[in-house]
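Keep the sequence and the model side by side for this walk. Each stop names the residues to look for.

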Amino acid sequence: MDIKILGTGCANCQRLEAVTHDAVAQLGLDATFVKVTDPAEIASWGVMRTPALVVDDEVVLSGRVPTVDDVKRLLLL
């Protein structure tokens with residue numbers, strides 16, 4: 001599983017990364033993480049509000065910090 005955290009490094013972006021790491025660990029998934037901080041690259045994903053979560057090249061969430069359970073549901077889709 002390929003996971004990207006899109007955001008400029010703000011507190012919410014850091015929380016999304018932490019929540020996502022927790023969800024992956026709880027599910028026992030094998031995932032690679034990439035942080036994307038370049039505004040032009042973030043915009044290329046069509047994301048207008050950060051933080052955003054990209055799973056296997058699909059934007060699954062943007063503009064908020066979900067709970068661990070929310071991320072687990074997104075990862076299992």
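**From an exposed loop to the core**

Asp 57 is exposed, because its relative accessible area is 53% and the cut-off for exposed is over 50%. Note that this is a predicted model. Asp 57 sits in the loop between strand 3 and strand 4. Its phi is positive, near 65°, in a residue other than glycine. Which residues does Asp 57 touch, not counting those up to four places away in sequence? They are Asp 2, Lys 4 and Trp 45. Lys 4 is 53 residues away along the chain, yet the C-alpha atoms of Asp 57 and Lys 4 are separated by 8.2 Å.

Step back to Asp 56. This residue lies in the loop between strand 3 and strand 4. Asp 56 is not a glycine either, but has a positive phi of about 50°. Buried, exposed or partly exposed? Asp 56 counts as partly exposed, because its relative accessible area is 45%.

Now go back along the chain to Pro 51. This proline is in the loop between helix 2 (39-44) and strand 3. Look at the bond that joins Thr 50 and Pro 51: the peptide is cis, with omega about 0°. Gly 9 is 42 residues from Pro 51 along the chain, and their C-alpha atoms are separated by 8.8 Å. Gly 9 itself is found in the loop between strand 1 and helix 1. With 33% relative accessibility, Gly 9 is partly exposed.

Next comes helix 1. Two neighbours there make a useful pair. Glu 17 has its place in helix 1, and so does Ala 18. Glu 17 has 18% relative accessibility and therefore counts as buried, since the limit for buried is under 20%. Leaving aside neighbours within four places in sequence, Glu 17 is in contact with Ile 5 and Lys 35. Ala 18 has 41% relative accessibility and therefore counts as partly exposed. From Ala 18 to Val 55 is 37 residues in sequence and 15 Å in space, C-alpha to C-alpha.

Which way do helix 1 and helix 3 run relative to each other? Helix 1 covers residues 11-27, and helix 3 covers residues 68-75. They pack at an angle of about 60°, with their axes 8 Å apart. The two helices are therefore oblique to each other. Their crossing is right-handed. On the helix 1 side, the contact is made by Val 19, Thr 20, Asp 22, Ala 23, Val 24, Gln 26 and Leu 27. Helix 3 contributes Val 68, Val 71, Lys 72 and Leu 75. By type, the residues of this contact are seven nonpolar, two polar and two charged.

Stay with helix 3. How many of its eight residues are buried? Six are, and the helix is mostly covered. The buried residues are Val 68, Asp 70, Val 71, Lys 72, Leu 74 and Leu 75. Note that Asp 70 and Lys 72 are on that list. The buried residues of helix 3 pack against strand 1, helix 1, strand 3 and strand 4 (58-62).

That leads to the core. In soluble globular proteins, nonpolar side chains tend to be buried together. Here the largest nonpolar core has 13 residues. Which of them touch the most other members? They are Ile 3, Leu 53, Val 71 and Leu 75. Strand 1 (2-6), helix 1, strand 3 (52-55) and helix 3 each supply at least two residues of this core. Val 71 and Leu 75 also take part in the contact of helix 1 with helix 3.

Follow Leu 53 outward. Leave aside its neighbours within four places in sequence. Leu 53 is then in contact with Ile 3, Lys 4 and Ile 5, and with Leu 16 and Thr 20. Its other contacts are Glu 58, Val 59, Val 60, Leu 61, Val 71 and Leu 74. Apart from the largest core lies another one, of six residues. Among its members are Val 36, Ile 42, Ala 52 and Val 54.

Technical notes
Residues numbered from 1 in each chain as written. Predicted model: local features only at pLDDT ≥ 70, side-chain atom pairs only at ≥ 80, totals over all residues. Heavy atoms only, no water. Axes fitted to C-alpha atoms, helices over the stretch in contact; angles between N-to-C directions. Helix = DSSP H or I, 4+ residues; strand = E, 2+ residues; numbered from the N terminus. Parallel < 35°, antiparallel > 145°, perpendicular 65-115°, else oblique. Left-handed = near helix turned anticlockwise from the far one by under 90°. Contact = heavy atoms within 4.5 Å. Nonpolar A, V, L, I, M, F, W, Y, C, P; charged D, E, K, R; others polar. Core = buried A, V, L, I, M, F, W, Y, C linked by side-chain atoms within 4.5 Å. Buried < 20%, exposed > 50% of the residue type's maximum accessible area, 1.4 Å probe, protein only.
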